[in-house]
Amino acid sequence: MELRQLEYFVAVVDEANFTRAAERLHVAQPGVSAQIKRLERELGQELLDRSGRTVRPTEAGRAVLPHARAALASVDSVRDVVDALKGLVRGSVSVGMVTACASADLTDLLARLHLRHPGLDISLAEDDSRNLLAGVADGTFDIAVVGVAGELPEGLESRVITDERLVAGVAANHPLAERDTLPFAELGTRSVICLPSGTGIRTCLDAACAAVGVAPTVALEASNLGIIVSLAAQGLGMAVIPESAVGQLHRINLEPEARSRLEMVWRARGGKNPAASALIDLARSAPVS
């Protein structure tokens, strides 16, 4: 019995078709058929029912299938362990980033990963924090940079990148330009410009307002902090932003103090390939900026 035969058998079961299985394996279809017939002769049982329009496993095939999958998975695990010991991490990592994020921490992390493992495939996608957190939890992303307002979902670990106070910013000619502080309770009657729902900063804003019994009057939403600041600078409303983004706007401290964090997040355990583990190890050891 050869591993190749088990691989061909699993592929045919998955595809329910010899031709599609051969295409998936990048081999000729007659070779797939011949190897599976050799396996069947060795086992003394037909593993596949070829009588219908689709190929299905026989009773013997269904019994063999989980063992075949386990054998192939074990071989992959052996390769991964050996590669990791050699420092030759292979495979790919999937990275998520909150929309319009300009995190030097993330770019530095990916650069160091590439320097150590240049053959690694890295994919990067943008989304809002809510979807990114769900994606890390279900394995869509190996690691993500997200905005966080409260506690992380169970099963996730993180490293804080930034931890900032949420403030308001207005143009010099805005009616509030003479104020230095503003209660969150007043945001129910002010024209607010902010990030959309699903982002960490918006979650922080909504939670702070809910704590004092109001909902913010959102006049405009944008997914880019720079655009939010520009809209406020044109007098279109009051921007609610992290303190580092105020720029030339007049800053107003919102009371009581509410803080929004940017964090690098990953699964605490399980489901990590060696490539993802290498990235997470770097994230854990990276100095906090």
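Let me start with a crossing: helices H1 and H3 cross in a left-handed sense, and I should say at once that what we are looking at is a predicted model. The two helices, of which H3 covers residues 29-43, pack at an angle of about 110 degrees with their axes 9 Å apart. Because angles from 65 to 115 degrees count as roughly perpendicular, H1 and H3 are placed in that class. On the H1 side the contact is made by Arg4, Gln5, Leu6, Tyr8, Phe9 and Val12, and on the H3 side by Gly31, Val32, Gln35, Ile36, Arg38, Leu39 and Glu42.

Let me stay with H1 for a moment. It runs over residues 3-15, which makes 13 residues, and it reaches 18 Å from its first C-alpha to its last, close to the 18 Å expected at 1.5 Å a residue. Its buried residues are Gln5, Leu6, Tyr8, Phe9, Val10, Ala11, Val12 and Val13. As general background, an α-helix has 3.6 residues a turn, so residues three or four places apart point the same way.

Which residues does Gln5 touch, if we do not count those up to four places away in sequence? They are Gln35, Arg38, Leu39 and Glu42, and Gln5 itself, at 2% relative accessibility, counts as buried.

Next comes the end of H1, where the helix is followed by Ala16, a residue with a positive phi near 60 degrees. In general, most residues other than glycine have a negative phi, and most peptide bonds are trans. Ala16 sits in the loop between H1 and H2, and with a relative accessibility of 21% it counts as partly exposed, given that the buried class is limited to values under 20%.

His26 also has a positive phi, of about 60 degrees, although it is not a glycine. This residue is placed in the loop between H2 and H3, and, at 72% relative accessibility, His26 counts as exposed.

Between those two loops is H2, residues 18-25, whose axis comes within 8 Å of that of H3, the two crossing at roughly 105 degrees. That angle makes H2 roughly perpendicular to H3. The residues that meet here are Phe18, Thr19, Ala22 and Leu25 from H2, and Gln29, Val32, Ser33 and Ile36 from H3.

While we are on backbone geometry, there is a cis peptide bond to point out, running from Glu255 to Pro256 with omega near -5 degrees. Pro256 belongs to the loop between strand S11, residues 250-255, and strand S12, residues 259-267.

Let me turn to the cysteines. How many disulfides does the structure hold? The number is 0. For Cys194, the closest cysteine sulfur is that of Cys209, and the 9.2 Å between them is too far for a bond, because a disulfide needs the two sulfur atoms within 2.5 Å. Cys204 is likewise in no disulfide, its nearest cysteine sulfur, again in Cys209, being 9.5 Å away. Both of these cysteines are buried, Cys194 with a relative accessible area of 1% and Cys204 with 6%.

I will finish with Thr203, which is found in helix H7, residues 200-211. Is Thr203 buried, exposed or partly exposed? With a relative accessible area of 40%, Thr203 is partly exposed. Thr203 and Arg116 are 87 residues apart along the chain, and their C-alpha atoms are separated by 37 Å.

Terms used:
Residues are numbered from 1 along each chain as its sequence is written. This is a predicted model: local features need pLDDT of at least 70, side-chain atom pairs count only at pLDDT 80 or more; totals for chains, interfaces and linings use all residues. Side-chain values use heavy atoms; hydrogens and water are left out. Buried means under 20% relative accessible area, exposed over 50%, partly exposed in between (1.4 Å probe, protein chains only). Helices (H or I, at least four residues) and strands (E, at least two) are DSSP runs, numbered from the N terminus. The expected span of a helix is 1.5 Å times one less than its number of residues. Axes are lines fitted to C-alpha atoms, for helices over the stretch in contact, and angles run from 0 to 180 degrees between N-to-C directions. Angles under 35 degrees count as roughly parallel, over 145 as roughly antiparallel, 65 to 115 as roughly perpendicular and the rest as oblique. A crossing is left-handed if the near helix is turned anticlockwise from the far one by less than a right angle, and right-handed if clockwise. Contact means heavy atoms within 4.5 Å.
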